[in-house]
Amino acid sequence: MKYFLLLSVIGLCWAQYSPNTQQGRTSIVHLFEWRWADIAKECERYLAPHGFGGVQISPPNENIVINSPYRPWWERYQPISYKICTRSGNEDEFRDMVTRCNNVGVRIYVDAVINHMCGEGAGSGTGSTCGSYFNAQNREFPAVPYSGWDFNDGKCKSGSGGIENYRDAAQAKDCRLVGLLDLALGKDYVRSKIADYMNHLIDIGVAGFRLDASKHMWPGDIKAIVDKLHNLNISWFPEGSRPFIYQEVIDLGGDEFTTSEYFGTGRVTEFKYGTKLGTVIRKWNGEKMAYLKNWGKGWGFIPSDRALVFIDNHDNQRGHGAGGASILTFWDARLYKMAVGFMLAHPYGFPRVMSSYHWPRYFENGKDVNDWIGPPNNNGIIKEVTINEDTTCGNGWVCEHRWRQIRNMVIFRNVVDGQPFTNWWDNGSNQVAFGRGNRGFIVFNNDDWSMSSTLQTGLPAGTYCDVISGDKVHGNCTGIEISVSDDGNAQFSISNSAEDPFIAIHAESRL
C-alpha cells in the first residue's frame, strides 16, 4: 500500500510537466491572436492531419480596449475580469473551439495572465471587451471582484511602486511590471479567484496553461494556485490527468533568481535556446553549427524534461522580451526554417512553433516603431484567417506552421520520437548532420560553399523523399530523392545557394 501511494505521489509530481498531447504528437503551435472560430477550423483541417499536438491561444479573458487604428496586441495582457470575452470570441465560441480541437486530438493551452490586472493609467469606465466596469486608479474590478486590498501596493518597496531594479527579486515580484497593477498573490482570496478562472477553463476542456510573467510571481504563490486546480476533463483525458504548466521565466543569466526555482510547478520557457541558436545560425561572434554537437545542457540550458523551447515568440519577434537582434523570425525566412528544422529534429526540450501575422515594420534608430500593431483587422475586428490555393494563409496572416518545411519537420519529430541522438557529423564549420536512431536523419549546409559528402544515416536501405524540398505523394516524391545503401550510407549534395540548404529524411518518407 505504501508503495502504491508513493507511486501516486510521484505520478502527481510529474503530471504538470506532461503536455497531455495524444500519443505520437510531440509539438505545439502558438496561433497568436487568432479567433476561436478559425482555430477550431484549423484543428480539423490542418493541425490534426499533420500531427500537431496542440495550440497555445492568446489570453481568453476580458481586457481593456485600446482605441487606435489597429488596437495593439498587448491589450490582451491587460485584464479587466476573468469573463471569457475577447476580440477572439465569446465563451460559446471558446467552448466550441475547445470541443472541436479535442475531438480531433489537438489540445488547447491558455495563455494565463494572472500576475496583474490592467495598467494603472488605464482610467475607468466600461472600455473593455465585455463592457465590465473598472476603475484602475481605485483598484476596483467589480466583475471579479477585486478591490484595493487585493494588490501589492503596500508590499512594494520601490520609490515609484514600479519595478526599478529587475535584478532585485522582491521588486521584480512585488512591484508593478511596466505600470501593470500587481495582484497580491500571497492572499488566499486572490489565489482562489485565479484558480476559479483557471478551473472554469479546465472544466471546459483545456489541457494546460502558459503562465505569463511567471518571473514576476513568487514560485510559492504559483504553486499554491496550481495546487487548487482541478484534474482535466475526463471527456478527453485519462482520469487523474493534471494540467500542463509552463512558466514564462526570462533567465539569460545574471539575475539573483533563476529558472530552477520554478521547476517544482511545471516546465519553464528556455529563452537561451532561441537566443543562442539564432547567434549560431547567423554565424555571429565566431559561432559555428559544428559547436552544436553538445546542444542542450552542454550549452548551460535547463534539464530537457523541464524545458519548453522555441525559436521566437510573440514578444521577442518584435524585439521585446529577451534575445535581442539574434532572434530569428519569419522576416528571416531562409535562416528561420533552418533553425526551426534543427529544433524539431533535436531531442532537447518540448517545442513550440510560432505562427504570426504581418505588420508594417518601420525602423527609427534601430527600433521598430510599429511593433505594437495588433492582428489583421477591420475597425478593430480580427480578420478571418483565409487559406490560399497553395495552402498558405491570406488576409495578412503569416502561418509559419503551414510552411512545408516546418509542417514536415513537425511530422519528422513525431516519427523519431523516443529515438536517441546519433551519427553526428560536422566539417568543423557550418555543415552538420545527425540522426535519430534508425528513424530519421537531417543534414545542414550553412557554409558559404557547396557541400557534397557521404554520411552514415543509420537508416535502413532504400530511397527516401527529402521532406524539406518536397512531399511524399502516392509513393512518389515531389522533391529531392536520397538513396541509402545497405550499409546505411547516403550521398548528400547541398548548394550554399539553395532556397533551403538542408535535407531531412525519415522512416515514413521512404518511397
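**Aromatic pairs and a four-stranded sheet**

In this predicted model, the count of aromatic pairs comes to 35. One of these pairs is formed by F244 and Y246, whose ring centres lie 5.1 Å apart and whose planes make an angle of 35°, so that the pair is classed as tilted, the class for planes that are neither under 30 degrees nor over 60 degrees apart. F244 and Y246 are both buried.

A further tilted pair is made by F441 and F492, with 5.7 Å from centre to centre and 35° between the planes. This pair joins distant parts of the chain, since F441 belongs to strand β22 and F492 to strand β28, which spans residues 489-494, and the two residues are 51 positions apart. Burial is again found for both partners, F441 as well as F492. Beyond individual pairs, ring pairs also link a set of residues into a cluster, which consists of Y273, W295, W299, F301, F342, Y348, F421, W424, F434, F444 and F502.

Rings are also found beneath charged groups. The charged end of R402 is placed over the ring of Y46, at 4.0 Å from the ring centre, and the charged end of K173 lies over the ring of W218, at 5.5 Å from the centre of that ring.

Strand β22, which holds F441, is part of an open sheet of four strands, arranged in the order β20-β21-β22-β29 and paired in the antiparallel sense. The edges of the sheet are formed by β20, covering residues 421-426, and by β29, covering residues 502-506, each of which pairs on one side only. On average, and with direction ignored, neighbouring strands of the sheet are turned by 10° against each other. In general, the strands of a sheet pair through backbone hydrogen bonds, in either a parallel or an antiparallel manner. Within the present sheet, β21 (residues 431-436) and β22 (residues 440-445) are joined in the antiparallel sense by six bridges, and F434, a member of the aromatic cluster, has I442 of β22 as its bridge partner.

Two helices are associated with this sheet. Helix α8, which comprises residues 333-345, packs on the sheet and touches β21, β22 and β29, while its direction makes about 150° with that of β22. Helix α9, which comprises residues 404-416, lies across β21, β22 and β29 and runs at about 40° to β29.

Terms used
Residues are numbered from 1 along each chain as its sequence is written. This is a predicted model: local features need pLDDT of at least 70, side-chain atom pairs count only at pLDDT 80 or more; totals for chains, interfaces and linings use all residues. Side-chain values use heavy atoms; hydrogens and water are left out. Two strands pair if DSSP finds at least two bridges between them. Axes are lines fitted to C-alpha atoms, for helices over the stretch in contact, and angles run from 0 to 180 degrees between N-to-C directions. Contact means heavy atoms within 4.5 Å. Rings of Phe, Tyr and Trp (its six-membered ring) pair if their centres lie within 6.5 Å; planes under 30 degrees apart count as stacked, over 60 as edge-to-face and the rest as tilted. Buried means under 20% relative accessible area, exposed over 50%, partly exposed in between (1.4 Å probe, protein chains only). A charge sits over a ring if NZ of Lys or CZ of Arg is within 6 Å of the ring centre and within 35 degrees of the ring normal.
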